[in-house]
Amino acid sequence: MQTRVARLHARRDLRVETLDYAGPGPGDVLLAMASGGICGSDLHYYQDGGFGPVQVREPIIAGHEASGYVEALGEGVSGLAPGQLVAINPSQPCGECQYCRIGQPIHCLHMRFMGSAMRLPHENGMFRQKLVVPAIQCHPVGTGVTPAEAACAEPLAVCLHAVAQAGDLSGKAVLVTGAGPIGLLTVAAARHAGAASIVVTDLMDAALSRAPSMGATQTINVASNQDALLPFQDNKGSFDVIFDCSAAAPALRSAFAAIRPRGTIVQVGVTGDVTIPLNALVAKEIVWRGSQRFHSEFAQAVDLISTRQIDVRPIISHTFPLERAVEAFEQAGDRSAACKVQITF
Ligand code: ZN
């Protein structure tokens, strides 16, 4: 059997081509893919050939945020039925290593994360018409939502995990730096967790324009209004919790200035080396916590999307068919217009 796929051969060399695939084995499900979102890491693979130590060294089918319809069940699969819409969890921890055994599968030594070029051979992803995956990775989605919404379960899970690193958010004053898809879904997750106020910063009005519908109480363009964050530095800082989704040095510097003593900065955005003010970290006894990926939060994300307790629709800005995948990637690279760009299959 054959399927069309979007496969990245090298930097700026994305090809829509036909590959053979085998039917579902025991425990597997064959999916007719429906919708898939382009993530920042997909975009880095496309624009730069990778990021940091993670480089595209062989052709890789991109995509790790997607939904599909169950088409056929392998032997022994129960709980799923043909025609059902599912969100696919791209995380495949080994279940046996020292971290899996102590309940930290995020840190699995043998993680096979779909659509990731971290390991060799690369783990192929989901930008394809037909996909065979273990049934355990398929989470049924409510009938009232679209495949496009279901494809947002993965990035929402990332943000739910980030919010979980901050402790109880109820009644808290929150700042989110960066209003891309992850920043905006973090806003929604923080709002759902009971934050009293959520200020969002970005360098672009187009990105910020989507923030109020996701739950932001105030937006600040720090490119055109550099001083707007200054009042939040009064009395050693105002924010209880800051989610840095920008990984930009100036945003981090202002975060350390605007966080209150003993506040928590959750690091969601990632980049290489950045200089930070150690004096503020020490003197204000700031907690600076990293957050990567998710585990149990994937099921929670599917539930919140299925019930529209979190409505992800405002972040979806563009949709392209698979045959126009190159155009989709080019559009995703234009932050002045694009937020979450999706491909349909
Ligand atoms: Zn493991």
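Reply: Before we start, contact here means heavy atoms within 4.5 Å. Also, this is a predicted model.

Me: Got it. What domains does the assignment give for the protein?

Reply: Domain 1 covers 2–152 + 312–344, and domain 2 covers 159–290, going by the domain assignment.

Me: And what distance separates their centres?

Reply: Taken over C-alpha atoms, the centres of domain 1 and domain 2 are 29 Å apart.

Me: How many residues are in contact across the two domains?

Reply: Eleven from domain 1 touch 13 from domain 2.

Me: OK, how much area do the two domains bury between them?

Reply: About 980 Å², with 69% of that on carbon and sulfur atoms.

Me: What about salt bridges, how many between the domains?

Reply: The count is one salt bridge between domain 1 and domain 2. On the domain 1 side of the interface, the residues divide into seven nonpolar, two polar and two charged.

Me: Which residue forms a salt bridge with Arg 335?

Reply: Asp 202 does, and the closest N and O atoms of that pair sit 2.9 Å apart.

Me: And how many residue pairs are in polar contact between the domains?

Reply: Two, with both residues of each pair at pLDDT 80 or more.

Me: Switching to pockets. What volume does the second largest one have?

Reply: The second largest pocket comes to about 240 Å³.

Me: Which residues lie nearest its centre?

Reply: Asn 89, Ser 91, Pro 93, Gln 137 and His 295, out of 14 that line the second largest pocket. By class, that lining has five nonpolar, eight polar and one charged.

Definitions and conventions: Residues numbered from 1 in each chain as written. Predicted model: local features only at pLDDT ≥ 70, side-chain atom pairs only at ≥ 80, totals over all residues. Heavy atoms only, no water. Domains from an automatic or database assignment. Buried area = accessible area lost by both parts, 1.4 Å probe. Salt bridge = Lys/Arg side-chain N within 4 Å of Asp/Glu carboxyl O. Polar contact = N/O pair within 3.5 Å; in protein donor to acceptor, adjacent residues only side chain to side chain. Nonpolar A, V, L, I, M, F, W, Y, C, P; charged D, E, K, R; others polar. 1 Å grid on protein atoms, 1.4 Å probe; cavity = no way out; pocket = protein on both sides within 12 Å on 5 of 7 lines; lining within 4 Å. Points joined across faces, edges and corners; volume = space filled by probe spheres on them.
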